[in-house]
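Here is a quick walk through one structure, written for someone who would rather look at the model than at a spreadsheet. Have it open while you read.

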Number of protein chains: 2
Amino acid sequence: MPTRFKGNPTEVLALNTLIKLSRSLSALSALLLPPLQKAHGITESQLGVLEALQHLGPLTQGQLCQKILRSGSNLTTVVDNLERGGLVRRERDTADRRVQVVHLTPKGEALITAAFPSHVERVTRVLSVLTLEEQVELGRLCRKLGTARALPVSTLAH
Amino acid sequence: MPTRFKGNPTEVLALNTLIKLSRSLSALSALLLPPLQKAHGITESQLGVLEALQHLGPLTQGQLCQKILRSGSNLTTVVDNLERGGLVRRERDTADRRVQVVHLTPKGEALITAAFPSHVERVTRVLSVLTLEEQVELGRLCRKLGTARALPVSTLAH
DNA sequence: GCACTACACTTCGATATCGAATCATTGGAC
DNA sequence: GTCCAATGATTCGATATCGAAGTGTAGTGC
């Protein structure tokens with residue numbers, strides 16, 4: 001499974017770590033998303049949007065971009081699909097007419113209320129292959145990784 | 001950033017751990033993929049296929065599916081795009097005519113040879129926000145997570 | 001040698017995802 | 001008031017990704 005790349009040990013470690021990270025998330029997604037799709041007909045991104053709206057109230061599309069870490073153009077598509085399914089509605093902000101505020105509809109509210117608990121249960125069940133301490137440590141490492149920045153090219157020259 | 005979900009602590013921990021895992025990978029992808037795209041015009045999946053072919057030699061599409069953990073239909077698309085770009089070619093297996101063997105072309109070989117070292121360097125640089133020990137531990141936790149299985153529904157009833 | 005099952009891959013229709021270009025609106029400079 | 005730069009969202013064209021259904025080939029049982 002690990003890379004066959006012949007590099008120095010630090011490079012091999014970094015590559016293999018990234019591969020494991022990527023594969024673990026793929027594996028989790030394969031376990032968690034089909035039930036959402038089959039039982040409620042929604043995707044991961046749609047769940048993210050619905051959950052944010054339920055817990056935080058109506059949000060602008062820009063705010064939703066922040067929440068689900070996707071591009072603006074992607075968010076337009078996801079909200080389009082949710083709107084077509086009658087789960088959310090857009091409302092133009094009267095103060096700033098560039099802004100679209102996204103609201104949960106009663107149907108969307110009902111769906112997320114029905115879908116989220118069992119999703120949480122599945123997540124908890126799947127993550128339970130790690131002890132609670134391991135989950136904390138994994139979270140810490142991921143959080144630290146998330147702070148990585150692309151260094152300026154000049155630093156390549158050292 | 002963490003979920004607003006009001007559940008028991010175990011559920012909240014599991015959800016937050018998953019969110020951090022997902023966000024860390026998104027953050028890494030945002031750093032690593034644009035350079036690949038800009039400098040060489042290839043995507044992450046295409047890199048995965050080209051790298052596998054370079055290190056392992058010609059592979060069937062089924063074998064490539066195993067390597068990059070994607071569905072067969074997706075692999076068809078990715079190989080289609082690589083083939084259109086002249087980076088790989090398909091060759092029908094003479095012994096079993098159902099099988100397509102994917103080969104690197106000289107152009108593909110040149111591209112992956114040019115692209116991979118700088119990619120590895122970027123990966124190493126970005127992962128270096130973690131110590132080597134932390135990378136090892138992160139890899140171990142991810143590996144363990146990847147062994148998670150969906151439990152049968154009956155186990156929900158305890 | 002025929003039928004049937006299994007397997008490798010492709011096709012199809014859908015959603016996700018991005019970046020670049022575009023559109024509409026806002027708010028500031030003047 | 002007019003121009004202009006910035007901002008929020010959409011559109012466009014591309015690739016990725018899936019599952020379901022379809023195609024063609026292999027191999028098995030009889």
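What follows goes from a single chain to the pairing of chains, then to the core and the DNA.

Keep in mind that this is a predicted model.

**One chain first**

Chain A is built from 6 helices and 3 strands. If you trace chain A from the N terminus, the elements come in the order α-α-β-α-α-β-β-α-α. Is chain A as compact as a globule of 158 residues, or more spread out? What you find is a radius of gyration of 20 Å, where a compact globule of that length would have one near 15 Å. The C-alpha trace of chain A spans about 55 × 40 × 25 Å along its principal axes. As for burial, 27% of the 158 residues of chain A count as buried. Among contacts in chain A with a separation of 6 or more, 45% join residues 24 or more positions apart.

**How the two chains pair up**

Now bring in chain B. The contact between the chains takes 48 residues from chain A and 48 residues from chain B. On the chain A side, α1, α2 (44-56), α5 and α6 each put in at least two residues. The largest share there, 18 residues, is from α1(A). By type, the side of chain A that touches chain B has 26 nonpolar, 13 polar and 9 charged residues.

How do you lay chain A on chain B? A turn of 180° with a shift of 0.0 Å along the axis does it, and the RMSD is 0.0 Å. That is the relation of a two-fold axis. In chain A, Leu138(A) has the C-alpha nearest the axis, 3.2 Å away from it. Both copies use the same surface, with 100% of the contact residues of chain A recurring in chain B.

**The nonpolar core**

The largest nonpolar core holds 24 residues, and those touching the most other members are Leu18, Leu138 and Leu141 of chain A along with Leu18, Leu138 and Leu141 of chain B. Which elements give this core two or more residues? They are α1 (9-40), α5 (106-127) and α6 (132-146), from chain A and from chain B. For a close-up, try Leu138(B): leaving out residues up to four places away in sequence, Leu138(B) touches Thr17(A), Leu21(A), Leu141(A) and Leu130(B).

Arg140(B) is also worth a click, and you will find it in helix α6 of chain B. Arg140(B) counts as partly exposed because it has 15 C-beta neighbours inside 10 Å. Leu104(B) is 36 residues from Arg140(B) along the chain, and their C-alpha atoms are separated by 33 Å.

**Around the DNA**

There are 25 residues around DNA strand D, and Gly62(A), Ser73(A), Ser45(B), Ser71(B) and Ser73(B) come nearest. Chain A supplies at least two residues of this surface from each of α3 (61-68) and α4 (72-84), and chain B does so from each of α2 (44-56) and α4 (72-84). The biggest giver is α4(B), with 5 residues.

Here are the two surfaces by residue type:

| Surface | Nonpolar | Polar | Charged |
|---|---|---|---|
| Side of chain A that touches chain B | 26 residues | 13 residues | 9 residues |
| Surface near DNA strand D | 4 residues | 15 residues | 6 residues |

Terms used. Residues are numbered from 1 along each chain as its sequence is written. Chains are lettered from A and ligands numbered from 1 in the order in which they are written. This is a predicted model: local features need pLDDT of at least 70, side-chain atom pairs count only at pLDDT 80 or more; totals for chains, interfaces and linings use all residues. A nonpolar core is a set of buried Ala, Val, Leu, Ile, Met, Phe, Trp, Tyr and Cys residues joined through C-beta atoms within 7 Å. A residue is buried if 20 or more other C-beta atoms lie within 10 Å of its own, exposed if 12 or fewer, and partly exposed in between; C-beta atoms are placed from the backbone. Helices (H or I, at least four residues) and strands (E, at least two) are DSSP runs, numbered from the N terminus. Two residues are in contact if their C-beta atoms, placed from the backbone, lie within 7 Å. A residue is near a molecule or strand if its C-beta atom, placed from the backbone, lies within 6 Å of it. Ala, Val, Leu, Ile, Met, Phe, Trp, Tyr, Cys and Pro count as nonpolar, Asp, Glu, Lys and Arg as charged, and the others, Gly among them, as polar. Copies are superposed by least squares on the C-alpha atoms of residues with pLDDT of at least 70 in both. The radius of gyration is taken over C-alpha atoms; the globule rule is 2.2 Å times the number of residues to the power 0.38.
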